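Reader: Could you walk me through this one, starting with the overall layout?

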Amino acid sequence: MALLEITNLSKFFGGVKAVDDFNYTLDSGHLHAIIGPNGAGKTTIFNLITGIYPPTQGKIFFDGQEITNLPPHVIAQKGIARTFQNIRLFPDFSVLDNVRTACHQQANYSVLEGLFPTPRRARQEKELTERAYNLLELVGLANRAKERAKNLPYGHQRRLEIARALALQPRLLLLDEPAAGMNPDETEKLMDFIEEIKEKFNLTILLIEHHMEVVMGLCDDIVVIDFGKKIAQGTPEQIQSDETVIQAYLGAGEEL
Amino acid sequence: MILQQIVNGISIGAVYALIAVGYSLVYSVLNFSNFAHGDVLMLGAYIGFFSLMLLKVPFPLAIAMAMVGAGIIAMIIEKIAYRPLRLRRAPLLYFMISAMGMSIFLQNFTIVTIGPNFRTYPDIFPVKPFAVGNLSIGRLDLVILIATVIVLLLLTWLVYKTRIGIAIQAAAYNMRVASLMGINPDLIATLVFLLAGASAGIGGVLFGMKYTVYPWMGVLTIKAFVAAVVGGLGSLPGAVVGAFVLGITETFAAAYISSAFRDLFSYLLMTIIIVARPAGLMGTVAQEKA
Amino acid sequence: MSGYFAGIVILTCVNLLAVLGLSLLTGFTGSFCFGQAGFMAVGAYVSTLLTMRLDAPFPLALVAGCFASLLVSIPLGYPTLRLKGDYFAIATLGFAEATRLVVENLEKITGGSRGIPSIPTQTSLPVILIVALFCVWLIRNYVSSRHGRNCIAVREDQLAAEAIAVNTFRYKQISFAINAALAGLSGGFLAHYVGFIQPSMFGIPKSTELIAMVIFGGMHSVTGAVLASIVLTALPEVLRVASAWRLVVYGALVVTIMVVRPEGLLGSWELSWSSLRELRSAWQRRFQTQS
């Protein structure tokens with residue numbers, strides 16, 4: 001069943017066609033990837049899906065419901081979580097609070113109970129803290145829970161951002177270059193980790209990646225875009241032998 | 001009568017325009033509103049005033065001194081209050097607070113050193129207005145309008161026709177990309193503040209001549225900021241358009257509705273504009289890069 | 001307790017109430033409000049008009065002033081809180097100036113720029129002290145709740161906050177409303193302590209003074225806001241410093257803090273039993289390593 005359906009999606013910035021008539025259907029329960037040369041419009045697609053930019057044209061459906069032009073927080077509420085290419089944590093928050101904040105939807109005490117504490121609030125807060133610790137345990141950061149997020153090393157920040165996204169209990173997880181800046185060893189660990197969370201939380205994952213070994217080894221379905229247009233889609237084998245893809249990458253001087 | 005109101009509106013709009021371009025210039029490049037701009041204007045007004053009264057220099061020289069002085073002060077402010085924040089990429093909030101702190105400091109430092117009294121510029125131009133038919137046009141208003149036009153033309157030439165200006169434009173478009181292309185952001189910031197400061201300097205002198213000079217006169221430039229918002233923050237033509245729209249709206253509201261509540265209409269106009277068009281009349285909505 | 005000392009405590013509480021609101025709005029939620037004095041003015045004038053013209057009981061008038069101020073924040077925040085922070089800052093400044101303008105020109109009702117004299121001085125020390133401490137407790141609760149964390153998330157990174165399903169606009173509105181209510185309350189107490197009000201009491205210097213208190217104490221700490229209100233209200237009263245010099249120092253300090261230590265005196269440290277215990281154990285550790 002299609003979890004995410006994108007039809008005729010376009011985004012123009014002035015005269016620049018960042019995304020041009022993009023069509024895409026994403027089945028649930030798989031690992032999908034968007035690849036393409038730098039500046040091909042990959043991150044723009046994420047920003048369109050998550051509602052950060054309104055599209056110039058086209059429609060986006062999530063789980064059969066139209067989500068085009070909804071504000072970002074509503075789209076997140078519906079179950080789409082994401083990470084950012086250049087990591088956007090809450091820098092002054094503790095590691096724990098970064099995740100605990102993202103758990104906020106699992107509590108339902110009111111603003112009034114925020115001012116006047118009730119037993120219900122205490123109970124729910126305890127649950128949120130436990131949940132946050134569990135997620136930190138999962139990404140291996142529980143022992144650094146009290147540190148400020150901005151003081152973590154880069155690799156840990158990446159993992160913390162994934163933990164924060166998982167705190168939303170999403171159905172679709174968008175990862176924007178999760179392996180950026182990692183060495184091969186770290187990248188391999190990350191791949192295992194992505195597999196693990198996919199199984200554990202029954203997730204559908206869509207990722208943008210430059211590390212080809214990540215994409216080819218991990219994903220069931222790959223979309224290649226160039227200049228905002230989809231130029232190919234298929235399994236890793238199909239993509240590796242696709243003429244247009246090779247052309248696009250050779251043209252951009254990157255290795256496939 | 002209506003024509004007379006338009007003339008009055010234009011003369012106020014000209015003063016606003018001169019100040020609003022300073023706000024917009026800084027905003028376009030550095031993406032924050034320099035709330036201390038009004039106090040630079042105030043200092044410019046004092047420099048002009050004392051040049052005339054104590055140094056007895058001729059009027060054009062007094063204007064030049066106010067422009068140079070205010071430009072240098074604005075540069076120093078940038079170095080002290082904003083540059084360290086910019087270098088560590090502090091959030092917008094910190095810029096606004098720092099600007100507010102600078103504004104409090106300058107205002108009250110002037111009060112304790114120069115004194116809180118109002119000072120009046122000598123009459124350089126005859127007070128008697130021109131009469132064109134039924135219209136009366138103040139000589140000072142005419143001078144202000146001409147000065148504004150000259151300054152705006154100069155600024156336009158600088159920003160759109162010179163190498164420095166093109167560097168400023170590139171920085172306004174995208175500071176990071178510009179710095180990759182070899183444009184030094186610190187230098188651009190310095191230049192922008194110098195230009196904004198110089199325009200505030202002449203604005204201060206003219207403002208001081210039209211009204212009076214006093215330490216908290218910078219507060220009056222809120223209206224110029226409103227004009228910049230109406231026109232579209234960060235757009236130079238927008239600042240000018242916004243200034244004249246605001247000036248004329250204000251005079252009409254004062255003449256036909258209520259003069260006591262004149263400023264209320266300015267804020268009302270601003271609110272209506274940003275509700276209908278958040279980017280202002282001439283601005284474009286900047287979308288944050290994710 | 002001498003009347004002089006009691007007066008300082010009352011004024012401290014008046015400032016504290018307004019500073020608490022700002023601490024939540026500007027310090028925790030990250031929206032820069034330039035016109036706090038405007039909300040104080042609304043609270044002061046509404047409550048005063050009720051006690052003086054309609055003989056309303058003081059508590060009722062206070063609540064009405066508080067509520068009126070809250071109501072004003074809604075149409076003011078609605079168009080501006082969605083936009084970049086600059087617009088909100090200028091809108092609040094414009095609001096404060098517009099309020100002053102209205103008060104000055106509605107002479108029949110408000111007494112114009114001469115103000116309203118001989119207001120019954122009904123603010124008593126125990127009452128305002130209890131109310132202020134209660135409000136500190138409320139705000140402390142709020143910032144440590146899920147809603148408070150969402151506010152901080154908005155301040156830290158608005159886009160990331162949206163991405164974790166935080167309705168940033170709503171949280172800004174709530175903080176703004178709470179801020180306005182507290183400022184309105186503060187204004188009501190002030191009017192009924194000093195015994196007269198005039199528009200010049202609620203000008204830009206008052207707004208800046210309040211903002212300075214939030215910044216000095218630490219933008220991310222309620223404890224800091226409380227301490228700064230106490231020190232910055234009491235010190236000038238005791239030292240009798242000329243107000244202009246005081247503001248010169250405030251201005252210079254605000255810039256210095258932003259440049260050197262933007263988190264202010266206390267950063268995000270809060271006074272609580274557990275934080276005190278942590279302090280104590282840190283001391284002990286230091287002592288042990290030395291010996």
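Author: Sure, domains come up right away. This is a predicted model, where local features need pLDDT of at least 70, side-chain atom pairs count only at pLDDT 80 or more, and totals for chains, interfaces and linings use all residues. Residues are numbered from 1 along each chain as its sequence is written, while chains are lettered from A and ligands numbered from 1 in the order in which they are written.

Reader: Which residues of chain A make up domain 1 and domain 2?
Author: The bounds come from an automatic or database domain assignment. For chain A, domain 2 is 90–162, and domain 1 is 1–79 + 170–256.

Reader: How many residues does each domain of chain A put into the contact?
Author: Contact here means C-beta atoms, placed from the backbone, within 7 Å. The centres of the two domains, taken over C-alpha atoms, are separated by 28 Å. Domain 2 of chain A gives 4 residues to the contact and domain 1 of chain A gives 5.

Reader: Is strand β9 of chain A mostly covered or uncovered?
Author: Strands are DSSP runs of E, at least two residues, numbered from the N terminus. Buried means 20 or more other C-beta atoms within 10 Å of a residue's own, with C-beta atoms placed from the backbone. In β9(A), residues 221–226, 5 of the 6 residues are buried, so the strand is mostly covered.

Reader: Which strand runs antiparallel to β9(A)?
Author: Strands pair if DSSP finds at least two bridges between them. β3(A), residues 31–35, has 4 bridges to β9(A) and runs parallel to β9(A). With 5 bridges, the antiparallel one is β10(A), residues 229–234.

Reader: And which residue takes a positive phi in the hairpin of β9(A) and β10(A)?
Author: Asp226(A) stands opposite Lys229(A) in β10(A). The hairpin has 2 residues between the strands, and the one with a positive phi near 50° is Phe227(A).

Technical notes: Buried ≥ 20, exposed ≤ 12 C-beta atoms within 10 Å, placed from the backbone. Contact = placed C-beta atoms within 7 Å.
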